[in-house]
Amino acid sequence: MMEEVPGSVGTSASFGLRLGQTLFSSASLLFMSMGVQFYSYTPFCFLVTIMGLVIPWSFTLALIDGYSVLVKCPLRQPGILVIVVVGDWVLSVLTLAAACSTASVAELMFTADGSDCPPNLCSRYLLSAAMAFLSWFLSLGSSLFNLWLLPSL
């Protein structure tokens, strides 16, 4: 019998991680999109694109986890788990890259002379980057838990 890894696909912990990823990614996208000037900077567009990919990925996996918890049948098919692990790792790396680039550009604009970015707009960009970092942290946890489960299949 296979061991139960908390946080792996099909568990209630994974459901919580996926809901957190969806929530923080949505918040990041919302804070970035509230300022209509984000399209002028490539890192901001990159963050919006990646959050637009993370939200449906995490929400879909949250639905699968919720269903697995309700029917008490965890998802343990190797092919599907490999797809989830690869998707998680790719989106995790892209989320970290988008969060880092957004935070660095927003901080640079914020600490510069201030003519490029009003303080309230820059603080929204920094808040969006912070939400993206939180989403990345949860995504990394999901990735590691599922990677840990993969060899036991």
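The following exchange examines the cores, the cavity and the cysteines of this predicted model.

In this predicted model, local features need pLDDT of at least 70, side-chain atom pairs count only at pLDDT 80 or more, and totals for chains, interfaces and linings use all residues. Residues are numbered from 1 along each chain as its sequence is written, and side-chain values use heavy atoms, with hydrogens and water left out.

User: Which helix supplies the largest share of the largest nonpolar core?

Analyst: A nonpolar core is a set of buried Ala, Val, Leu, Ile, Met, Phe, Trp, Tyr and Cys residues joined through side-chain atoms within 4.5 Å. The largest one has 18 residues, and M32, F38, F44, L47, C117 and Y125 have the most contacts inside it. At least two of its residues come from each of α2 (42-71), α3 (78-111) and α4 (119-149), where helices are DSSP runs (H or I, at least four residues) numbered from the N terminus. The largest share, six residues, comes from α2.

User: How many residues are in the other core, which includes V5 and L61?

Analyst: This other core lies apart from the largest one. Among its members are V5, L61, L81 and V84, and the total is seven residues.

User: Is S128 buried or exposed?

Analyst: S128 is found in helix α4. It touches S28, F31, M32 and L47, not counting residues up to four places away in sequence; contact means heavy atoms within 4.5 Å. Buried means under 20% relative accessible area, exposed over 50%, and partly exposed in between (1.4 Å probe, protein chains only). Because its relative accessibility is 0%, S128 counts as buried.

User: How many charged residues line the largest cavity?

Analyst: A cavity is a set of points, on a 1 Å grid over the protein atoms alone, where a 1.4 Å probe fits but cannot get out, and lining residues have an atom within 4 Å of a point. About 40 Å³ of space lies in the largest cavity, a volume being the space filled by probe spheres set on the points. Its lining consists of Q21, V54, W57, S58, D88, L91, T95, S135 and S139. With Asp, Glu, Lys and Arg counted as charged, the lining divides into three nonpolar residues, five polar and, as charged, one.

User: How many disulfides does the count come to?

Analyst: A disulfide is a pair of cysteine sulfur atoms within 2.5 Å. C45 is partly exposed because its relative accessible area is 27%, and C73 counts as partly exposed because its relative accessibility is 48%. By the distance rule, the number of disulfides is zero.

Definitions and conventions:
On a 1 Å grid over the protein atoms alone, a cavity is a set of points where a 1.4 Å probe fits but cannot get out, and a pocket is an open set with protein on both sides within 12 Å along at least five of seven lines; lining residues have an atom within 4 Å of a point.
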